[in-house]
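Here is a walk through one protein model, from its backbone to its rings and helices. Keep the coordinates open as you read.

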Amino acid sequence: MKRMRGHPIFSLSLFYGVLFVSMPAFVSPYDGPLYDSSAFAECKLYPEKPLYGGGILKDKLPEFHKFLRMDGKTVTAPIFKLQDITPGTIYSFSTWIRIKSADSALITASVGDKDSEELCVGTVDAKPGCWSFLKGGFVVSTLNLSSIFLKYSDQEDLEIEIASASLQPFTEQQWLLNQQTKINMARKRAVTIHVANKQGVRLEGASLKIQQVSKDFLLGSAIAYTFIGNTPYQNWFLERFNAAVFEDEIKWYTTEPKRGQLNYTLADQLLEFVRRNQITVRGHNIFWEDPKYTPGWVQNLTDSELKSAVNSRIQSLMSKYKDEFVHWDVNNELLHFDFYEQRLGPNATLEFYRAVHQQDPLATLFLNEFNVVENCDSSSTVDKYISKLRELKEDGMSMNGIGLEGHFGVPNRPRIRATLDKLATLGLPIWLTEVDISNTFSMETQAIYLEQVLREGFSHPAVDGIMLWSAIRRNKCYRMCLTDPELNNLPTGDVVDKLLKEWDTGVLKGQTDEHGSYSFYGFLGDYKVTAMCGDKVVDSAFSLSRSEETKHFSIQL
């Protein structure tokens, strides 16, 4: 056995330690595991210690088995044999991986049995000569999960080293309690209101009414042309949401269906509504790499004509809508498609972002992509997403927003959480930009899965907002509606209403104590407060922003 930085390392490169996580105590006693948000996007010279001290994999070494790949090649890969796997339990998995190869390799961790379909746990783009961190997880719905497999698909054979593997189980209740702790830390803040008379004497027994009037966290929905002039639909929206995105109304195929024939009528009408009601609105999208959603006339242009057309597109949008949209999805789904790169060269996206930033410098520019959090997709792994952000940054463009579409089938909650953890290491705002659940499920199942996704997003400190892809158009939605055409809630709408109420401080009433003070924990946002003592009444207002310090607010009667 050789030693490395004071830690033992086995010949199979496994070593173990304990990571202690400091977090506030729960309001009620809790002796279960605390979720560890640690993640690493950098390839390191040495692996870190295992999360949870290795959990149920502590002191366990992987076995190396031969597998027949779909391409007919036989390869050797490590597996961890699992015991006492419990249905309904949520498992968080992590490990460090180093490969001995001249090139990087996509390593996929999956769980299953030799006779059952495997479930993806997580992926990492491993590199030679340094250690890469894979983090993910799975939820057990069947007993046919006997092993965790670590496989690769590109190389004929690959030597893989594994270190600091960890598998930590959580019951459903433990997972939800961990989420609530994160919410209490990231979305709420302690407040103390002090009430005194004009002589500065604190007043005991002063009555207070406190009401949250707006929320810091942005939760919204897509809207479409069917929204225009539809007062019941607009009122339904305003009762719930503080953010919006236009489903199709500023996409190129809508604003310029024929070359030179610009029409912003629908976008202008939607924008008038959001302006009037002070709704935050995202700009989606300027370009879309998928040729299926690129106007036909654009696809028929010569390269020089295409370059002129994209410059005109940017100029037209920015001159009309500068400072109107807080975000721009500049080049949609760049990891899956490459229409503009193929036609205009590998720097096409970089030039798009530069031009938009130059003309609308206060907007946050997003890289918007699907299947980063939804599925294990080799085109859009979390590491590929991070690499693309870094690539654009290295070329001089400061990308400052992470857009994750969120078109889910069955959500893998620990993998969603692990992916967000890794993206959070970049220190950029994260948005779930197009959340919905597949309509292949019943409406009741859609609602269950939607609640899981929304709770994962809201409880993660790095997520700044969530947009639901639930615009009603021609009495239907893309995949998931919240209401029927008469605006009666579907089960998904009931879930949204339940969570909106849960994540709102609402109205509080109380009296100041013997020190003239009243304290509470409130969700971040704006508040109005009425203080009354005797015949004196004062209305005031304050805002709660994120901070670990108690907010102190004084009222004088």
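Asp-323 sits in the loop between α6 (303–321) and β16 (327–332). This is a predicted model. The phi of Asp-323 is near 70°, a positive value in a residue other than glycine. Is Asp-323 buried, partly exposed or exposed? With 48% relative accessibility, Asp-323 counts as partly exposed. The cut-off matters here: exposed means over 50%, so Asp-323 falls into the partly exposed class.

Asp-59 also has a positive phi, about 65°, although it is not a glycine. Its place is the loop between β2 (7–9) and β3 (63–68). Asp-59 has 61% relative accessibility and therefore counts as exposed.

The backbone has another feature to inspect. The peptide bond from His-284 to Asn-285 is cis. Its omega is near -15°. Asn-285 belongs to strand β15, which covers residues 280–288.

Next, a pair of helices. Two packed helices are described by the angle between their axes and the distance between the axes. Helix α1 spans residues 172–186, and helix α11 spans residues 443–459. Their axes come within 8 Å and cross at roughly 40°. That angle is why α1 counts as oblique to α11. On the α1 side, the contact is made by Trp-175, Leu-176, Gln-179, Lys-182 and Ile-183. On the α11 side, Arg-455, Glu-456, Phe-458 and Ser-459 take part. How do the residues of this contact divide into nonpolar, polar and charged? There are 4 nonpolar, 2 polar and 3 charged residues.

Two of these contact residues, Trp-175 and Phe-458, lead on to the rings. Arg-187 lies over the face of Phe-458, at 5.2 Å from the ring centre. Lys-151 lies over the face of Phe-149, at 5.0 Å from the ring centre.

The model holds 34 aromatic pairs, counting rings whose centres lie within 6.5 Å. Phe-170 and Trp-175 form an edge-to-face pair. Their ring centres are 5.3 Å apart, with 80° between the planes. Both Phe-170 and Trp-175 are buried. Elsewhere, ring pairs link Phe-227, Tyr-233, Trp-236, Phe-237, Phe-241 and Phe-273 into a cluster.

Back to helix α11, which also contains Ala-447. Ala-447 counts as buried because its relative accessibility is 6%. What does Ala-447 contact, leaving aside its neighbours within four places in sequence? Its partners are Pro-491, Thr-492 and Val-495. Ala-447 and Thr-492 are 45 residues apart in sequence. In space, their C-alpha atoms are 4.3 Å apart.

Last comes Tyr-91, in strand β5 (residues 90–100). Tyr-91 has a relative accessible area of 2%, so it is buried. Leaving aside neighbours within four places in sequence, its contacts include Ile-56, Asp-84, Ile-85 and Thr-86. Gly-136, Gly-137, Phe-138 and Val-140 are also among the contacts of Tyr-91. So are Leu-167, Gln-168, Pro-169 and Pro-414. Arg-343 gives a long-range reading for Tyr-91: they are 252 residues apart in sequence and 45 Å apart in space, C-alpha to C-alpha.

Terms used
Residues are numbered from 1 along each chain as its sequence is written. This is a predicted model: local features need pLDDT of at least 70, side-chain atom pairs count only at pLDDT 80 or more; totals for chains, interfaces and linings use all residues. Side-chain values use heavy atoms; hydrogens and water are left out. Axes are lines fitted to C-alpha atoms, for helices over the stretch in contact, and angles run from 0 to 180 degrees between N-to-C directions. Helices (H or I, at least four residues) and strands (E, at least two) are DSSP runs, numbered from the N terminus. Angles under 35 degrees count as roughly parallel, over 145 as roughly antiparallel, 65 to 115 as roughly perpendicular and the rest as oblique. Contact means heavy atoms within 4.5 Å. Ala, Val, Leu, Ile, Met, Phe, Trp, Tyr, Cys and Pro count as nonpolar, Asp, Glu, Lys and Arg as charged, and the others, Gly among them, as polar. Rings of Phe, Tyr and Trp (its six-membered ring) pair if their centres lie within 6.5 Å; planes under 30 degrees apart count as stacked, over 60 as edge-to-face and the rest as tilted. Buried means under 20% relative accessible area, exposed over 50%, partly exposed in between (1.4 Å probe, protein chains only). A charge sits over a ring if NZ of Lys or CZ of Arg is within 6 Å of the ring centre and within 35 degrees of the ring normal.
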